[in-house]
Amino acid sequence: MVSSSAAAVASDSAAPADNFPHKLEIRNLTIRYGNAVALRGVNLAVREHEIFGIIGPANAGKTSLLKAINRMDVFTSGMKVDGEIRFNGRDTSRLKNIYALRSRIGVVFPLPVGLPMTVYDNVALSPRLRGINNKADLDVIVQRCLTRAALWDEVKDRLQALGSLLSGGQQQRLTIARALSQEPDLLMLDEFSIAVDPVTTMRIEDVLKELRQEVTILLVTNLVQQARRLADRTAFFLNGECVEVGVTEDLFTGEVKDQRTRDYVEGRFG
Amino acid sequence: MGTTTQALRNRATDARMAEDFDRRDPDWYVDKLLAGIVFVCGISAILFVLGIFFFVTKEGIGFVFEKMDFREFFLTPYWSPSDAEDPEYGILALMAGTASVTGLAMLVAVPFSLGAAIFIAEFASGKTREVLKVLVELLAAIPSVVWGFIGLVIMNPLLIKWFDIPVGLCVLNAGIILGLMAAPIMTSIAEDALKAVPDRYREAAEAMGATRWQVIYKVVLPAAKNGLLGGVLLGVGRGFGETMAVLMATGHAVNIPDSIFDSVRALTATIAAELGEAVVGGEHYQVLFTIGIFLFLVTFIINLSADLIVRGIRKG
């Protein structure tokens, strides 16, 4: 953690000076695992109701960033986070209740995780954790979330089947439905399409486009074209550095500040 | 590349190849020999089980077919085998003794071992976990006669003092001793079951804002429930078959207990205590073996169900 004056300096120099309300502000973020540095002095700000893409090759520090935002660093031994992460204006390192923070941030991991309970219980878990136990309310939530995740039609007749027995693509959509059941402020997807077929990927992408109206989305992807299709703005990460943040289309066709960005999106390395 | 291909072709067309195909070299014999030895070792477990069952049945079966009155045997509590005029062989009280002690032992052991397993698997980290696991395994290896000794020498006077009872060798004493005895092995199995739950389930639940306890309660325990149940059943089997500790801690009095402060006698302890005095081949001797058959069958059923339940998880 940096002192407040250092944070102010960082924000002056690096945080984008735009007038949009920020869902998430990251200042001078450095993440270490023991002696290895995973992320070095990253600054970026995610606006409310945008899809913010993060692209970059392996080891760029993308997943570490998501972990730090969700305060999952607590569970990763040796992971040390310095700098400031502000979620809805609050410094996440000073929250008294990090469970409340996590419950407002939905995370979709690279590999689908259907919890070993029924499809229904998978989606009802988060509402139940929040104290919603009324069957009628849960029914509504489960149906709405599964529908929005483009899974309802496939599972509506087997809600009592084990979630962990669905196919990979279905489990990933179940994971998304579960994240949506949190009614998150921020939805973070970490290379969600790794284990999903192209058709399902396109369906999920359509879902994400619709969700933009309601929720801010942070989309980490190793598919450059996926970022181009979905993201309003995109950051390019390389070897633990945030090389460039810009309007997505600019990274592909407009001016780039750093030639490495253009090289990457055009597939010259990575 | 070309020369390698040539060499391979030469070898393939070598006339000696045909000979090689028909000649058994030492490696072939070693392989066969070891396969045979391992097979005998593996099959011996089955042979021993069958052999024991055969022996116990042979010694007890005469009584079962010739003199046994099933109603008297299972439904009367009168056990006086050494009465020369009219011996009585009712094992109801003995079954009640075994059941009450085993039941109480499970009441002690299940929460205790489950709590220990949750701590070791979910909360303890690194060194603490390793040390605890070694200690739990060490605890599981304490001979039962030592536990019986603790029941006799430590628990007995303590219970007399605390509860103001005349004799401290009773259901409570044996139940606690047996519970502590069964807890380590149950902890070990429960811990394995919890560790078998993949971390990505925990991470997924934690990421959505579940507290640690919610993760354990809502995700980990349900996912591990078959393994946990299997562990409990193995504990029941252990308690059911335990002899020395219950012989020493129950008071060994034939009695259907009214309270946990009553002395009882267990099926196993009866065999251990009386077999030495019974005339080989006599009626009393045969009755004891009949109890042995009964114990064997019940233990077999308990272990088989534990096994089937544990297998259930791997399929699901």
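## A glycine after α9 of chain B

Let's start at a turn of the backbone: Gly209(B), which follows helix α9 of chain B, has a positive phi, near 100 degrees. Helices here are DSSP runs of H or I with at least four residues, strands are runs of E with at least two, and both are numbered from the N terminus. This is a predicted model, in which local features need pLDDT of at least 70, side-chain atom pairs count only at pLDDT 80 or more, and totals for chains, interfaces and linings use all residues. Residues are numbered from 1 along each chain as its sequence is written, while chains are lettered from A and ligands numbered from 1 in the order in which they are written.

Helix α9(B) covers residues 199-207, and its buried residues are Arg202(B), Ala204(B), Ala205(B), Glu206(B) and Ala207(B). Here a residue is buried if 20 or more other C-beta atoms lie within 10 Å of its own, exposed if 12 or fewer, and partly exposed in between, with C-beta atoms placed from the backbone. The buried residues of α9(B) pack against α3 (98-103) and β6 of chain A, together with α10 (212-223) of chain B.

## Where the two chains meet

Chain A brings 18 residues into contact with 15 residues of chain B. Contact means that the C-beta atoms of two residues, placed from the backbone, lie within 7 Å. On the side of chain A that touches chain B, α3 and α4 (119-129) of chain A each supply at least two residues, and the largest share, four residues, comes from α3(A).

By type, that side of chain A has 12 nonpolar residues, four polar and two charged. In this scheme Ala, Val, Leu, Ile, Met, Phe, Trp, Tyr, Cys and Pro are nonpolar, Asp, Glu, Lys and Arg are charged, and the others, Gly among them, are polar.

## Chain A as a whole

Chain A holds 11 helices and 10 strands. Its radius of gyration is 19 Å, close to the 18 Å that the globule rule gives for 270 residues, so chain A is as compact as a globular protein of that length. The radius is taken over C-alpha atoms, and the rule is 2.2 Å times the number of residues to the power 0.38.

Along its principal axes, the C-alpha trace of chain A spans about 55 × 45 × 35 Å. Of the 270 residues in chain A, 44% are buried. Among contacts in chain A with a separation of 6 or more, 68% join residues 24 or more positions apart.

## Two sheets in chain A

One open sheet of chain A has six strands in the order β6-β7-β8-β3-β9-β10, with mixed pairing; two strands pair if DSSP finds at least two bridges between them. Its edge strands, each pairing on one side only, are β6 (105-108) and β10 (241-247) of chain A. Inside this sheet, β3 (residues 51-55) and β8 (residues 216-221) of chain A run parallel and are joined by five bridges, and Ile54(A) has Val220(A) as its bridge partner in β8(A).

The edge strand β6(A) runs parallel to β7 (residues 186-190) of chain A, with four bridges between them; Ile105(A) is the bridge partner of Leu186(A). Both faces of β6(A) are covered, with Ile105(A) and Val107(A) buried on one side and Gly106(A) and Val108(A) buried on the other.

The other open sheet to look at has four strands, in the order β2-β1-β4-β5 of chain A, with antiparallel pairing. Its edges are β2 (36-47) and β5 (90-91) of chain A, each paired on one side only. Eight bridges connect β1 (residues 22-33) of chain A with β2(A) in the antiparallel sense, and Ile31(A) has Leu39(A) as its bridge partner in β2(A).

## Positive phi outside glycine

Most residues other than glycine have a negative phi. Asn28(A), in strand β1 of chain A, has a positive phi near 50 degrees. This residue counts as buried because it has 20 C-beta neighbours inside 10 Å.

In chain B, His252(B) has a positive phi near 55 degrees and sits in the loop between α12 (244-249) and α13 (267-274) of chain B. With 20 C-beta neighbours inside 10 Å, His252(B) counts as buried.

## Val220(B) and its surroundings

Val220(B) lies in helix α10 of chain B and is buried, with 22 other C-beta atoms within 10 Å. Leaving aside neighbours within four places in sequence, Val220(B) is in contact with Glu122(B), Leu194(B), Val197(B), Arg202(B) and Val215(B).
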